[in-house]
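Please look over the chain shown below. The report that follows goes through its surface, its helices and its backbone.

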Amino acid sequence: MGFDGHPWILCQPEAAACSLWTGLGGPSVRSSKLHLSPKADVKSLISYVVTKTKVINGKYHRFLGRHFPRFYILYTTFMKGLQMLWADAKKARRIKTNMWKHNIKFHQLSYREMEHLRQFRRDVTKCLFLGIISIPPFANYLVFLLMYLFPRQLLIKHFWTAKQQIDFLDIYHALRKQSHPEILCYLEKIIPLISDAGLRWHVTELCTKLQRGTHPAIHDILALRECFSNHPLSMNQLHALQLKALSRAMLLTPYLPSFLLRHRLKAHTTVIHQLDKALAKLGIGQLTAQEVRSACYLRGLNSTHIAEERCRTWLGEWLQISCSLKEAELSLLLHNVFLLSTNYIGTRR
């Protein structure tokens, strides 16, 4: 017999203990099995908060879209821009980490990795400027106003609307084309300074074709290699006014001393030459339509209004010239931004 008259208590001590604990007011075994663990409670709470947040966020977006459509476009563009910039930063960090681990130089990267790092550096430089002018107290409110009023000058392309991307690229290219007459005028002026009669004839013919609106052939440009690797058109022989005009053609600021302009143009042209070698190795056919347009725009062609096939054809011509040049002939590649793009069929005047 058990303590309370039940003979089975001694045979089943676990059951007796549970019965005794329940009699004293403790929870039953069945109810303890149904009770969730603290970790499960936290997960359930987080899931509930996330679900509610998504619902509230959706209602907020619909409210903005109905009552403030213009602000809603700016808001969504800004949020997507932040996400893209953050994704770019993480990708750039992975590339830099891989370079450090395996002792890889910039020119040894794949084309897409090189292009990503090049563009990210330019974007970060622009963002750093905004960060610096936001440091003073309450200056961030002024910065937001300036970003709204001057998005082209202060914001990177991630924060441009689709229409702004087309409009702003047109504006930048119009500024770039303003330098073309200056570059051509300078080429005409240096013709008497060329000692070799054959080179003088080639430069004269090229200038005549450009003035008539003719797109030069690849052999017309490559025939000038010697002229651009020595006096008077090598990188170290260019005058200050020509450096300023070429800087505008490359969408670089011309408001720097001559030695800084020359250094920047050398560095910028070297990077493009390295990109060209990596792109030739990859193959133009492997690029998406957007990648082709971006590559053409970087090299001087306003690709926003040209058919994709024409862009690929033009990029192929550029690569044939670029991959034929040596480091000492990069001045020709720099001038090629003007020579190969100014009269290309389909470009906007």
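## A nonpolar surface patch

Six side chains, L74, L142, L145, Y148, L149 and F150, make a nonpolar surface patch of about 590 Å². Helix 6, residues 139–149, gives the largest share of this patch, with four residues. The model is a predicted one.

Y148 is one of the patch residues. Y148 sits in helix 6. Its relative accessible area is 52%, so Y148 is exposed, as the cut-off is over 50%.

## Overall make-up and confidence

The protein chain holds 17 helices and zero strands. Of its 349 residues, 37% are buried. The accessible surface amounts to about 21500 Å². Carbon and sulfur atoms own 62% of that surface.

Contacts across the sequence count for much of the picture. Among contacts in the protein chain with a separation of 6 or more, 63% join residues 24 or more positions apart.

Mean pLDDT for the protein chain is 84. A value of 70 or more is reached by 84% of the residues. Residues 1–35 are another matter: pLDDT stays under 50 there. For that stretch the model has 14 contacts beyond four places in sequence.

## Helix 14 and its packing

Does the length of helix 14 fall short of the expected span or agree with it? Helix 14 covers residues 258–282, which is 25 residues. At 1.5 Å a residue it should span 36 Å. Its end C-alpha atoms are 36 Å apart, so the two values agree.

Many positions of this helix can be listed as buried. They are L261, R262, L265, H268, T269, I272, H273, L275, D276, A278 and L279. The list includes the charged-type names R262 and D276 alongside leucines such as L261 and L265. Which helices do the buried residues of helix 14 pack against? The partners are helix 5 (111–133), helix 13 (240–249), helix 15 (289–298), helix 16 (308–322) and helix 17 (330–339).

G283 follows helix 14. Its phi is positive, near 105°.

## Backbone exceptions

Most residues other than glycine have a negative phi, and most peptide bonds are trans. Three places in this chain depart from that pattern.

N103 has a positive phi, near 55°, and is not a glycine. N103 is in the loop between helix 4 (69–102) and helix 5. With a relative accessible area of 58%, N103 is exposed.

L251 also is not a glycine, and its phi is positive, about 60°. The loop between helix 13 and helix 14 holds L251. Is L251 buried, partly exposed or exposed? Its relative accessibility is 29%, so L251 counts as partly exposed.

The peptide bond between H231 and P232 is cis, with omega about 10°. P232 belongs to the loop between helix 12 (225–229) and helix 13.

## A pair distant in sequence

I166 is in helix 8, residues 162–177. Its relative accessibility is 42%, so I166 counts as partly exposed. How many residues separate I166 and T304 in sequence? The separation is 138 residues. In space, their C-alpha atoms are 6.8 Å apart.

Key
Residues numbered from 1 in each chain as written. Predicted model: local features only at pLDDT ≥ 70, side-chain atom pairs only at ≥ 80, totals over all residues. Heavy atoms only, no water. pLDDT = per-residue confidence, 0-100. Contact = heavy atoms within 4.5 Å. Helix = DSSP H or I, 4+ residues; strand = E, 2+ residues; numbered from the N terminus. Buried < 20%, exposed > 50% of the residue type's maximum accessible area, 1.4 Å probe, protein only. Patch = residues over 30% accessible without salt bridge, like charges linked within 9 Å, V, L, I, M, F, W, Y side chains within 5 Å. Areas by Shrake-Rupley, 256 points an atom, 1.4 Å probe, with all protein chains shown as cover. Salt bridge = Lys/Arg side-chain N within 4 Å of Asp/Glu carboxyl O. Expected span 1.5 Å × (residues − 1).
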